[in-house]
Amino acid sequence: MKELSLHILDIVQNSIKANASLVELTIVENSAENILSIEIKDNGCGMDEETVKNVVNPFFTTRTTRKVGLGLPLLQESALRCNGTFNIKSEKGVGTTVYCSFERNNIDRAPLGDIASTIMTIVNSLENCEFIFKHIVNKKDYEFSTTKIKEILDEDNLKSTDILLWIKEYIEESTKELYNI
Ligand SMILES: Nc1ncnc2c1ncn2[C@@H]1O[C@H](COP(=O)(O)OP(=O)(O)OP(=O)(O)O)[C@@H](O)[C@H]1O
Ligand SMILES: [Mg+2]
């Protein structure tokens, strides 16, 4: 995939489909360690051991509309191609954590892409689910939480166009600050 944010969208959609009530996305970028890592943690239905083993096989899916599931195998492939790591931890009834890392300066590493639009799209697809996004760049960090935004705006529904656009701009500004732009 051209952008890591597209992978992120895909993996977060898995968590939403797994009926999670909380999904946490953490992106860590560290220049000294030359690492970019992505963690997506949910408290959804989880998977049994057999499913976890099969899940990075592109011919495995519990979808009924299509025979192959590509989200996880593609992310694994991208990470390993960049001298990175890939790991899934999951427990039935407890939840799932997908973790992957990339060599940050690897020539094959896709750019993060449009994180602000991705978060906006994620917020728009949440159903009875809270979402926390943490972005850490070297020593600076930033956190976005749907629970906190709801409190600040005193509004339970974040899916109106005005609010979604506000969220997108807010994340764009915060990301610029993280990168000192
Ligand atoms: N967070 C999760 N919680 C529970 N099950 C999951 C989770 N992520 C993946 N799975 C299981 O692993 C399977 C494979 O996931 P994957 O994203 O690779 O493909 P898919 O979601 O089936 O299809 P696609 O992502 O291509 O639309 C899913 O069908 C689902 O059964
Ligand atoms: Mg999927």
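## Ground rules

A residue is called buried here when its relative accessible area is under 20%, exposed when over 50%, and partly exposed in between (1.4 Å probe, protein chains only). Helices (H or I, at least four residues) and strands (E, at least two) are DSSP runs, numbered from the N terminus.

This is a predicted model, so local features need pLDDT of at least 70 and side-chain atom pairs count only at pLDDT 80 or more, while totals for chains, interfaces and linings use all residues. Residues are numbered from 1 along each chain as its sequence is written, chains are lettered from A and ligands numbered from 1 in the order in which they are written, and side-chain values use heavy atoms, with hydrogens and water left out.

## Helix α3 and what it packs on

Let's start with α3, which covers residues 71-81. Its buried residues are Gly71, Leu72, Pro73, Leu75, Ser78 and Ala79. These pack against α1 (4-17), β3 and β4. Just after the helix comes asparagine 83, with a positive phi of about 55°.

## Strand β4 and its partners

One of the elements under α3's buried residues, β4, deserves its own look. Seven of its nine residues are buried, so the strand is largely enclosed by the rest of the structure. Two strands count as paired if DSSP finds at least two bridges between them. β2 (residues 35-42) runs antiparallel to β4 and is joined to it by eight bridges; there, aspartate 42 sits opposite threonine 96. β3 (residues 85-91) is also antiparallel to β4, with seven bridges, and glutamate 91 has glycine 95 as its bridge partner in β4. The β3-β4 hairpin leaves three residues between the strands, and in it glycine 93 takes a positive phi near 80°.

For a closer view, take threonine 97, which belongs to β4 (residues 95-103). With a relative accessible area of 14%, threonine 97 is buried. Which residues does threonine 97 contact, leaving aside its neighbours within four places in sequence? With contact meaning heavy atoms within 4.5 Å, the list is Glu39, Ile40, Lys41, Asn87, Ile88 and Lys89.

## Salt bridges across the chain

Searching the whole structure turns up seven salt bridges (a side-chain nitrogen of Lys or Arg within 4 Å of a carboxyl oxygen of Asp or Glu). One of them pairs glutamate 127 with lysine 159 at 3.3 Å, N to O. That pair links distant parts of the chain, 32 residues apart: glutamate 127 is in the loop between α4 (115-125) and β5 (130-137), and lysine 159 is in the loop between α5 (146-153) and α6 (161-178). Why does glutamate 127 count as exposed? Because its relative accessibility is 55%. Lysine 159, at 29%, counts as partly exposed.

Another pair is lysine 150 with glutamate 130, whose closest N and O atoms are 2.8 Å apart. Since lysine 150 lies in helix α5 and glutamate 130 in strand β5, the bridge ties together parts that are 20 residues apart in sequence. Glutamate 130 is partly exposed, at 23% relative accessible area.

## A salt bridge within α6

Glutamate 172 and lysine 168 also meet through their side chains, at 3.5 Å from N to O. How far apart are they along the helix? They are four residues apart in α6, which means a separation of about one helical turn. Both ends of this bridge are partly exposed: glutamate 172 has a relative accessible area of 30%, and lysine 168 has 22%.
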